[in-house]
Amino acid sequence: ALLGKLRRFEEAHGLTLLQPTALAHPPRHPSIGVMWAQQHYLLQAPTGHHTQSEDRIRFRMARALRSAASQYYLWDRQIAHPERTLRDPRSRKVYLAEGVSPTDAMGYGLMVTGMAKRVGDHSKPPLALTLPQVLWIMKHLESMWTVSATLAERRELAAAAVTNLLGWLGWLRSLELFSLTWGDVTVTRPAHGPRLGLPLGVGAIELRLLPETKSSRTKVADVVISYICASGLTPGLWLDRLRGLWPTALPHECLIKGMDGKQWSSQYFRCQHLYVWLRQMRSEGDPFLQAFTDGPGNRLEDKYYSFGTYRRGGRSSCTKRHNGTQQATPDEVYEHGRWTRRISKENMPTRYNEFTLEDRLNITLLCM
């Protein structure tokens with residue numbers, strides 16, 4: 001409708017405002033014509049009889065002509081220079097450049113935007129585990145540990161327990177967790193806490209992540225977890241047990257693996273352990289899990305479909321007050337979560353905030 005209004009203005013005044021730039025002799029100053037059209041329209045008296053109508057057309061109505069002309073020249077440049085036109089995603093300005101990648105060209109961007117509007121991009125994250133569920137899992141593993149007799153059984157149990165605890169307490173992604181080696185893990189027992197500047201009786205687990213996953217700007221380890229947590233979780237104990245089952249493991253060998261030495265994956269852990277635990281909890285009457293059935297779309301596998309269930313669960317749990325746990329502060333959550341954020345987006349107090357090892361340990365020591 002706005003383009004039609006510009007066309008009628010052209011015909012009434014004998015002008016050529018919307019001239020394609022692809023012609024051999026485009027107008028030298030098309031912006032002057034658009035400026036004239038906007039000024040002329042602004043001086044007209046409104047023809048409507050709305051109660052809010054005034055003696056002159058408001059500026060926001062006249063400014064719509066600029067949007068119409070901008071849309072016209074957007075498509076015009078795309079047609080005239082399809083391989084050179086690109087648009088800044090922030091300022092929405094259109095530029096002509098050489099060597100533009102096909103996926104950065106404006107035509108591709110317009111197509112993707114249109115597809116997203118029509119098809120939709122409604123992601124559905126996995127359901128988050130809860131602290132009672134994690135505590136049930138650890139109680140179940142402890143009971144199985146006491147009756148297990150073979151080395152293979154104990155290695156499987158210890159690896160499953162470490163995966164469950166580090167995923168919950170460290171908010172680790174599957175790549176970060178299952179890529180850990182023995183050289184990436186440092187365990188300091190509670191009796192040796194003062195060696196790290198910690199109070200006596202407070203131990204720590206330090207994890208060093210892969211270089212491509214690092215986002216912490218502090219000088220200490222990427223992820224720090226308490227040896228014993230306020231909720232009763234004991235990640236340090238299970239790491240010591242796992243280490244005792246692999247006494248000859250070298251620093252470059254995987255931390256979480258099977259008897260054959262093969263590295264675990266998120267799919268293996270979920271199919272062989274997590275879904276088995278959840279089904280058993282449901283059979284024992286867990287009220288939250290009773291809503292799930294074995295029908296397609298409502299199965300446990302459909303709701304807890306990725307390892308992100310641990311990251312979401314741990315993040316949600318630390319800000320809630322459970323029996324024996326405190327509520328984490330926003331700064332503690334931000335520091336522990338290693339969220340991907342540009343430094344320029346941080347406020348100045350956050351940028352200059354340097355957490356000590358003890359400060360970073362408090363979220364798992366007191367709040368989880």
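Which residues line the largest cavity? In this predicted model, the lining is made up of E332, E335, H336, F355, D359, R360 and I363. Two helices turn up here: α13 (330-337) and α15 (357-366) each hand over at least two residues to the lining of the largest cavity. Sorted by chemistry, the lining comes out as two nonpolar residues, one polar and four charged. The volume of the largest cavity is about 40 Å³, and the count of cavities of 30 Å³ or more stops at one.

Next come the pockets. The largest pocket has a volume of about 830 Å³. It is lined by 20 residues, and R66, A69, S70, Q71 and Y73 are the ones closest to its centre. Two elements, α2 (30-42) and α4 (64-80), give two or more residues each to this lining. Helix α4 takes the largest share, with nine residues. As for the chemical mix, nine of the lining residues are nonpolar, five are polar and six are charged.

What about the packing around helix α9? This helix covers residues 235-245, and its buried residues are P235, G236, W238, L239, R241, L242 and L245. Their cover is a mix of helices and strands, including α6 (131-147), α7 (151-170), β3 (185-188), β4 (204-207) and β5 (223-226).

One of those strands is worth a second look. Strand β5 holds S226, and this serine counts as buried because its relative accessibility is 1%, under the 20% cut-off. Leaving aside residues up to four places away in sequence, S226 touches G203, I205, P235, L361, T364 and L365. Among these neighbours, P235 also belongs to the buried set of α9. The side chain of S226 has a polar partner too: one of its polar atoms lies 2.6 Å from the backbone oxygen of I228.

Then there is a backbone oddity. Most residues other than glycine have a negative phi. W171, though, is a residue other than glycine with a positive phi, near 55 degrees. This tryptophan sits in the loop between α7 and α8 (174-178). Is W171 buried or exposed? With a relative accessible area of 0%, W171 is buried.

Finally, the charged pairs. How many salt bridges does the count come to? The total is nine, and three of them can be walked through here. In one, the side chains of K257 and E253 meet, with N and O 3.0 Å apart. K257 is buried, at a relative accessible area of 8%, whereas E253 is partly exposed at 23%.

Another salt bridge joins R282 and D294, whose closest N and O atoms are 3.6 Å apart. This pair links distant parts of the chain, 12 residues apart: R282 is in helix α10 (residues 266-283), and D294 is in the loop between α10 and α11 (300-303). The two ends sit in contrasting settings. R282 counts as buried because its relative accessibility is 16%, under the 20% cut-off. D294 counts as exposed because its value of 63% is over 50%.

A further pair is D302 with R299, whose side chains meet in a salt bridge at 3.0 Å from N to O. Here D302 is partly exposed, with 25% relative accessibility, and R299 is partly exposed as well, with a relative accessible area of 33%.

Terms used
Residues numbered from 1 in each chain as written. Predicted model: local features only at pLDDT ≥ 70, side-chain atom pairs only at ≥ 80, totals over all residues. Heavy atoms only, no water. 1 Å grid on protein atoms, 1.4 Å probe; cavity = no way out; pocket = protein on both sides within 12 Å on 5 of 7 lines; lining within 4 Å. Points joined across faces, edges and corners; volume = space filled by probe spheres on them. Helix = DSSP H or I, 4+ residues; strand = E, 2+ residues; numbered from the N terminus. Nonpolar A, V, L, I, M, F, W, Y, C, P; charged D, E, K, R; others polar. Buried < 20%, exposed > 50% of the residue type's maximum accessible area, 1.4 Å probe, protein only. Contact = heavy atoms within 4.5 Å. Polar contact = N/O pair within 3.5 Å; in protein donor to acceptor, adjacent residues only side chain to side chain. Salt bridge = Lys/Arg side-chain N within 4 Å of Asp/Glu carboxyl O.
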